[in-house]
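The following exercises are to be worked through with the sequence and the model side by side. Each task is followed by a solution that goes step by step.

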Amino acid sequence: MNGTPAPYRLVPGAPGSPVILHVPHSSRTVPADVRDGIVLDDTALERELDHITDAHTARIAEEAAMRYAARSEATARPWQFVNQLSRLVVDPERFPDEREEMRAVGMGAVYTRTTHGQPLRADDHPEQPLVDRYFHPYAAAMTDAVTARLAATGRAVVIDVHSYPSEQLPYELHGDGPRPPICLGSDPFHTPPALLAQAEKAFADFDGTAVDSPFAGTYVPLKYYGTDRRVDALMIEIRRDVYMQEPGGPAGPGLDRVAAALAELVDAVTGRPGPQASKT
């Protein structure tokens, strides 16, 4: 947790690609000054990182981008936006205010509770400095990345790359439903039926997909959320036993299969001309 990298990185794709592979939860890095505000001892913190981190998802996105570029025109390689800090610093996919339902379990933009409901930070730990230092700059950079795709191609497609545990954890508010190998998180405004169908086809060999179970929704910068139909978005939640040893263990051969399916989805999305008629 020392030698803190930049908070995020944008991996350039092709100028003509509308696709951004967004990877918000793959890092275990916690800067030393942020670590000071976490009440867990080192052993407990490592255990919590095992549970909360979407391990190897940055590698999945990178492998998918490489596979896509190798088998398709290099001029269409997708972009990647990767969070290089742990979601225990801030969670860039939460609302930073009272709109966020996960605040009910201490897991808003700044977490105060662990996946098992134990204290992570003191109840009076100041939230706003972390939001100002990490959350808002991340959101601004991701907004800029989407704006650039719109300017270059006339559309943007955010594919949110996540993973989730095979067994429900106590923090999950809606974890009682099916836990398929692949969960597709959608938004009624930003996820057209054609995009869902493309994802279901790309991941058809994984013995089951479900929409919005056990996790729902997808990431869209607030500037465009609910207002700009040129921005499509879909969350891919990969059940961790499909590609890795749980919790927090090494990747297995399933990672290559997942990356290949994600590359197939990128291929289908990139080849789709213009916004969907169903979204007008």
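**Exercise 1.** In which strand is the place of I238? Determine also whether I238 is buried or exposed.

Solution. This is a predicted model, in which local features need pLDDT of at least 70 and side-chain atom pairs count only at pLDDT 80 or more, while totals for chains, interfaces and linings use all residues. Residues are numbered from 1 along each chain as its sequence is written, and side-chain values use heavy atoms, with hydrogens and water left out. Strands are DSSP runs of E of at least two residues and helices are runs of H or I of at least four, numbered from the N terminus; on this basis I238 belongs to strand β7. Its relative accessibility is 1%, so I238 counts as buried, where buried means under 20% relative accessible area, exposed over 50% and partly exposed in between, with a 1.4 Å probe and protein chains only. Contact means heavy atoms within 4.5 Å, and, with residues up to four places away in sequence not counted, I238 touches I60, V161, H162, S163, Y164, P181, I182, Y243 and V258. For V161, the C-alpha to C-alpha separation from I238 is 8.1 Å, although the two are 77 residues apart in sequence.

**Exercise 2.** Establish the strand order of the open sheet, and find which strands form its edges.

Solution. Two strands pair if DSSP finds at least two bridges between them. The seven strands follow the order β1-β3-β2-β4-β7-β5-β6, and their pairing is mixed. The edges are β1 (8-11) and β6 (209-211), each of which pairs on one side only. Neighbouring strands are turned by 20° against each other on average, direction ignored. At the β6 edge, β5 (residues 182-185) pairs with β6 in the parallel sense over three bridges, and L184 stands opposite V211 in β6.

**Exercise 3.** Describe how helix α5 lies on the strands and how α5 crosses α6.

Solution. Axes are lines fitted to C-alpha atoms, for helices over the stretch in contact, and angles run from 0 to 180 degrees between N-to-C directions. Helix α5 (residues 193-202) lies across β5, β6 and β7 (231-239), and runs at about 30° to β7. Its axis and that of helix α6 (residues 254-270) come within 8 Å and cross at roughly 145°. The contact is made by L195, Q198, A199, K201 and A202 of α5 together with A261, E264, L265, A268 and V269 of α6.

**Exercise 4.** How many aromatic pairs are there, and what is the geometry of the pair Y8 and Y138?

Solution. Rings of Phe, Tyr and Trp (its six-membered ring) pair if their centres lie within 6.5 Å, and planes under 30 degrees apart count as stacked, over 60 as edge-to-face and the rest as tilted. The count by this rule is five aromatic pairs. The centres of Y8 and Y138 are 5.8 Å apart and the planes stand at 85°, so this pair is edge-to-face. Because Y8 lies in strand β1 and Y138 in helix α4 (residues 128-153), the pair ties together parts 130 residues apart in sequence. Y8 is partly exposed at 27% relative accessible area, whereas Y138 is buried at 4%. F203 and F206 form a tilted pair, with 5.7 Å centre to centre and 55° between the planes, and both are buried.
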